[in-house]
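The following note is offered to a colleague who is beginning to read protein structures. Please keep the model in view while going through the numbered points.

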Amino acid sequence: MSQKDTLGSVTVHRYMDNKHNAMLATGTFTALIAAFSEHANRWEAPLDGLTYTMMRQGLSGMVLHLSFRPNDENIGMTVNFKQPPINVFLSGDASESWVTGRAFVEGVKTTESSRLFMQTHRRKSGATQSMIEITGLDLLEVFEQYFKQSVQTPARFFELDKDQFAMILGLPNADRSWIENFTPDQKLFGIWKKTLEPLDQREFKFHCGCTPEKMVKAVHSIFGEDPDALFKGEDEVEVSCPRCGTRWTLTESQFNEFEQED
């Protein structure tokens with residue numbers, strides 16, 4: 001892993017609670033959040049207080065969720081808030097241990113309620129999709145609503161201290177009442193964690209993986225039949241990665257070369 005990736009990463013520690021049939025994942029996300037903030041400031045308008053909080057919670061929650069998922073799974077999650085109209089997009093890959101995301105505040109279409117759309121994909125079993133209606137603006141609570149309504153497994157997400165996030169995941173025969181009523185107090189959390197069995201640790205980084213080649217492929221899938229609608233007489237256009245917001249310059253020759261290869 002490069003120095004740049006290390007500086008933008010978080011180490012997630014996992015523990016087993018045999019007494020309550022639950023697992024804990026926790027980490028300090030300062031470096032990962034800083035990497036996201038630097039990326040957002042470089043490629044998009046600076047985030048306001050609400051969208052910044054949403055992205056802090058969303059990226060941290062996605063990492064913790066991925067830490068319990070199979071190693072061949074990748075996840076795409078879109079949260080469409082009715083009021084204020086905001087789309088939060090999060091994506092992550094368990095096999096390559098990365099997460100990315102962005103918030104949209106302009107041109108957001110809404111429905112009669114706020115909704116979460118979750119798509120997961122595994123190499124052998126393919127893709128699955130789910131949609132639930134949600135309440136509130138807290139992304140950590142949105143993750144909890146997803147587990148309750150869709151996964152039907154007790155789970156808690158919370159921030160203990162500045163940039164320290166944690167997730168409790170119930171196993172079969174878990175003590176649901178204990179999980180649902182757990183109080184995220186820093187002192188009590190520390191005492192409880194000392195009683196747990198350490199399992200392992202994993203490193204996740206803020207990363208997207210978009211490349212010029214991938215962007216050409218994505219744009220060609222939309223404008224392959226009508227390149228004039230894309231270039232409009234120009235030799236090149238600027239395209240934006242839908243996952244992270246990175247902007248790429250696409251030339252007409254690159255577009256045509258892909259068409260010939262295809």
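**Notes on the sheet, the salt bridges and the cavity**

1. The model under review is predicted. The points below begin with the sheet, continue with charged side chains, and end with enclosed space.

2. The sheet is open and has 10 strands, with the order 7-6-3-4-5-10-1-2-9-8 and mixed pairing. Its edges are strand 7 (126-134) and strand 8, each of which pairs on one side only. From one strand to the next, the twist averages 20°.

3. Strand 1 (residues 9-17) is paired with strand 2 (residues 22-28) in the antiparallel sense, over 5 bridges. Here Met16 stands opposite Met23 of strand 2. Strand 2 is also joined to strand 9 by 7 bridges, and these two strands run antiparallel. In that pairing Met23 stands opposite Leu169 of strand 9.

4. Is strand 9 (residues 164-170) enclosed or open to the outside? Because 7 of its 7 residues are buried, strand 9 is largely enclosed by the rest of the structure. As a general rule, side chains in a regular strand alternate between the two faces of the sheet. In strand 9, Gln164, Ala166, Ile168 and Gly170 point one way, while Phe165, Met167 and Leu169 point the other way, and all are buried.

5. Strand 8 runs antiparallel to strand 9, and 6 bridges join the two. One facing pair is Phe158 and Ala166, the latter in strand 9. Strands 8 and 9 form a hairpin with 2 residues between them. Asp163 lies in the turn and has a positive phi of about 70°.

6. A search of the whole structure gives 10 salt bridges. One of them joins Arg56 to Glu159, with the closest N and O atoms 2.7 Å apart. This pair links distant parts of the chain: Arg56 belongs to helix 3 (residues 49-66) and Glu159 to strand 8 (residues 155-161), 103 residues apart. Arg56 counts as buried because its relative accessibility is 10%, under the 20% limit. Glu159, at 29% relative accessibility, counts as partly exposed.

7. The hairpin turn also takes part in a salt bridge, formed by Asp163 and Lys162, whose closest N and O atoms are 4.0 Å apart. Are these two residues buried or exposed? Asp163 is buried, with a relative accessible area of 4%, whereas Lys162 is exposed, with 64%. Arg56, Glu159, Lys162 and Asp163 are linked in a network of salt bridges.

8. A further salt bridge brings together the side chains of Glu73 and Arg69, at 2.7 Å from N to O. Glu73 is buried, its relative accessible area being 3%. Arg69, by contrast, is partly exposed at 31% relative accessibility.

9. Empty space can be located by rolling a probe the size of a water molecule over the atoms. How many cavities of 30 Å³ or more does the structure hold? There is 1 such cavity, and about 30 Å³ of space lies in the largest cavity.

10. The lining of the largest cavity consists of Pro212, Met215, Val216, Val239, Trp248, Thr249, Leu250 and Gln254. Helix 7 (212-223) and strand 12 (247-251) each contribute at least two residues to this lining. By class, the lining has 6 nonpolar residues, 2 polar residues and no charged residues.

Methods:
Residues are numbered from 1 along each chain as its sequence is written. This is a predicted model: local features need pLDDT of at least 70, side-chain atom pairs count only at pLDDT 80 or more; totals for chains, interfaces and linings use all residues. Side-chain values use heavy atoms; hydrogens and water are left out. Helices (H or I, at least four residues) and strands (E, at least two) are DSSP runs, numbered from the N terminus. Buried means under 20% relative accessible area, exposed over 50%, partly exposed in between (1.4 Å probe, protein chains only). On a 1 Å grid over the protein atoms alone, a cavity is a set of points where a 1.4 Å probe fits but cannot get out, and a pocket is an open set with protein on both sides within 12 Å along at least five of seven lines; lining residues have an atom within 4 Å of a point. Grid points are joined across faces, edges and corners, and a volume is the space filled by probe spheres set on the points. Ala, Val, Leu, Ile, Met, Phe, Trp, Tyr, Cys and Pro count as nonpolar, Asp, Glu, Lys and Arg as charged, and the others, Gly among them, as polar. Two strands pair if DSSP finds at least two bridges between them. Axes are lines fitted to C-alpha atoms, for helices over the stretch in contact, and angles run from 0 to 180 degrees between N-to-C directions.
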